[in-house]
Amino acid sequence: MKINHQRMLKNFLEITKIYAPSGDEKNMLDYAKKELTKLGCKIYVDKAGKKFGSTAQGNLTANFKGTIKSAPFILGGHLDTVTPCKGVKPIIKGGKVVTDGKTILGADDRAGLAIIFEVLRTLKENKAKYPPVDIIFTLCEEGGMYGSKYLDTKIIKGKEGILLDSESNEELVVNAPKAVLFYVTIKGVASHAGVAPEKGISAIEVAAKAISMMKLGRIDPMTIANIGFVEGGQGTNVVMPELTIRGEARSRTKGHLERELKHIEDCFKKAAKMFVKKVDGKTIKPEIIWSTELKYPLLNIEPKSPLITHIKNCGKKLGLNIKTATCGGGFDANILAGKGLSMPIIGIGYDNEHTTREYL
């Protein structure tokens, strides 16, 4: 079977012009529904969009009939792009597709969608043997993978496939970290900072002491931790009575992640004990309120599994030396792994994504 590269390129150029940033994917959803319907797919749109306020109803899943009895193979991508993406003008220049420099190109992930559309067209036009194909097109991947978090997989029968959403054609991401958000509220004791500062407990001093004891940033090759938000205070003349902190830790190893989260929590608790004191005969002390939330689960596919071996062998036939890779970021594939779907991420040839210098 031969891929019609010119048709695929023309399709890619067409869909880069469709305005569909995260949270406003209706135009791209409508296009994908129309194209997949023309290809004879059974289509289902869930109601995920209502969960996080997208203009699109929900994620699009579809079934494409095979010519042999087999478990379906899944192909996945996302419908949204980052901004600026209004009025994209794709230009073919020097063997690349670029823009006029005023917008992103949106090859992340319009290139993935164009490939999937062309694969289905090619299969339909050829009398070859192929399994059924399940399609997953998610919303709001760029905005926090909210589409995949609320994805309804009820018509998806396959368990394995490929997510087309990365850079190098010769890299297959099989391992990406689990990420956990942590929230800390430090309750100190308010007091007039000019009259009686010694009668208060400053929440920001407690936080500073705790953070000074922490190991943040790159903890080890597998693990990172970061504090991203610090909010609090009532006035410059008030000993800060309360402070909230938000951060995250992520690791490609479960045990390392648990240890780092415990380390961070322990630092806050130890710091709080250092500020216990007596004021007017009464003991006062800061209070630490700690909670965590799963941001996305671990993606960890065995590099020697039949799925990965098969993909590598297909690459060899095309002259590609596909290597497995790890990544410090999260993908829809992380969320889908938590739903029982094994989908490594393959590169599709874009670069400088999320910038106006993006190209395919």
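Contact here means heavy atoms within 4.5 Å. With that in hand, a good place to enter this predicted model is helix 6, which lies across strand 9, strand 11 (223-232), strand 12 (242-251) and strand 15. Relative to strand 12, helix 6 runs at about 25°.

The strands beneath this description belong to an open sheet of 5 strands, arranged in the order 10-11-12-9-15 with antiparallel pairing. Strands of a sheet pair through backbone hydrogen bonds, in either a parallel or an antiparallel manner. Here the edges are taken by strand 10 (217-220) and strand 15 (287-296), each of which pairs on one side only. On average, and with direction ignored, neighbouring strands of this sheet are turned by 20° against each other. At the strand 15 edge, the partner is strand 9 (residues 178-187), and 9 bridges join these two antiparallel strands. A convenient landmark for the reader following along in the structure is Val184, which stands opposite Trp290 in strand 15.

Helix 6 also has a helical neighbour. Helix 6 (residues 203-212) and helix 7 (residues 254-273) pack with their axes 8 Å apart, at an angle of about 130°. An angle of that value makes helix 6 oblique to helix 7. The crossing in which helix 6 passes helix 7 is right-handed. From helix 6, the contact draws on Val206, Lys209 and Ala210, while helix 7 supplies Cys267, Phe268, Ala271 and Ala272. Sorted by class, the contact of helix 6 with helix 7 comprises 6 nonpolar residues and 1 charged residue, with no polar ones.

Turning to the N-terminal part of the chain, helix 4 takes part in two helix pairs described here, one with helix 1 and one with helix 2. The axes of helix 1 (residues 5-16) and helix 4 (residues 107-125) cross at roughly 140° and come within 9 Å. Helix 1 is therefore oblique to helix 4, and their crossing is right-handed. On the helix 1 side, the contact is made by Arg7, Met8, Asn11, Phe12, Ile15 and Thr16. Helix 4 contributes Ala107, Arg110, Ala111, Leu113, Ala114, Ile115, Phe117, Glu118, Arg121, Thr122 and Glu125. Divided by class, the residues of the contact of helix 1 with helix 4 are 9 nonpolar, 3 polar and 5 charged.

The second pair is set at another angle: helix 2 and helix 4 pack at about 15°, with their axes 10 Å apart. Helix 2 and helix 4 are therefore roughly parallel to each other, and helix 2 passes helix 4 in a left-handed crossing. Met28, Tyr31, Ala32, Glu35, Leu36 and Lys38 of helix 2 meet Arg110, Leu113, Phe117, Leu120, Arg121 and Lys124 of helix 4 in this contact. By class, the contact of helix 2 with helix 4 has 7 nonpolar and 5 charged residues, and no polar ones. Arg110, Leu113, Phe117 and Arg121 of helix 4 appear both in the contact with helix 1 and in the contact with helix 2.

Helix 2 also carries one of the charged pairs of the model. The structure holds 12 salt bridges, among them the one between Lys26 and Asp30, whose closest N and O atoms are 2.8 Å apart. Both residues lie in helix 2 (residues 26-38), with a spacing of 4 residues, or about one turn of the helix.

Finally, a few points of backbone geometry invite a closer look. The peptide bond from Thr83 to Pro84 is cis, with omega near 0°, and Pro84 has its place in the loop between strand 3 (73-78) and strand 4 (91-93). Another cis peptide bond runs from Asp108 to Asp109, with omega near 20°; Asp109 is placed in helix 4. Asp280, although not a glycine, has a positive phi of about 55°. The location of Asp280 is the loop between strand 13 (277-279) and strand 14 (282-284).

Terms used: Residues are numbered from 1 along each chain as its sequence is written. This is a predicted model: local features need pLDDT of at least 70, side-chain atom pairs count only at pLDDT 80 or more; totals for chains, interfaces and linings use all residues. Side-chain values use heavy atoms; hydrogens and water are left out. Axes are lines fitted to C-alpha atoms, for helices over the stretch in contact, and angles run from 0 to 180 degrees between N-to-C directions. Angles under 35 degrees count as roughly parallel, over 145 as roughly antiparallel, 65 to 115 as roughly perpendicular and the rest as oblique. A crossing is left-handed if the near helix is turned anticlockwise from the far one by less than a right angle, and right-handed if clockwise. Ala, Val, Leu, Ile, Met, Phe, Trp, Tyr, Cys and Pro count as nonpolar, Asp, Glu, Lys and Arg as charged, and the others, Gly among them, as polar. Two strands pair if DSSP finds at least two bridges between them. A salt bridge is a side-chain nitrogen of Lys or Arg within 4 Å of a carboxyl oxygen of Asp or Glu.
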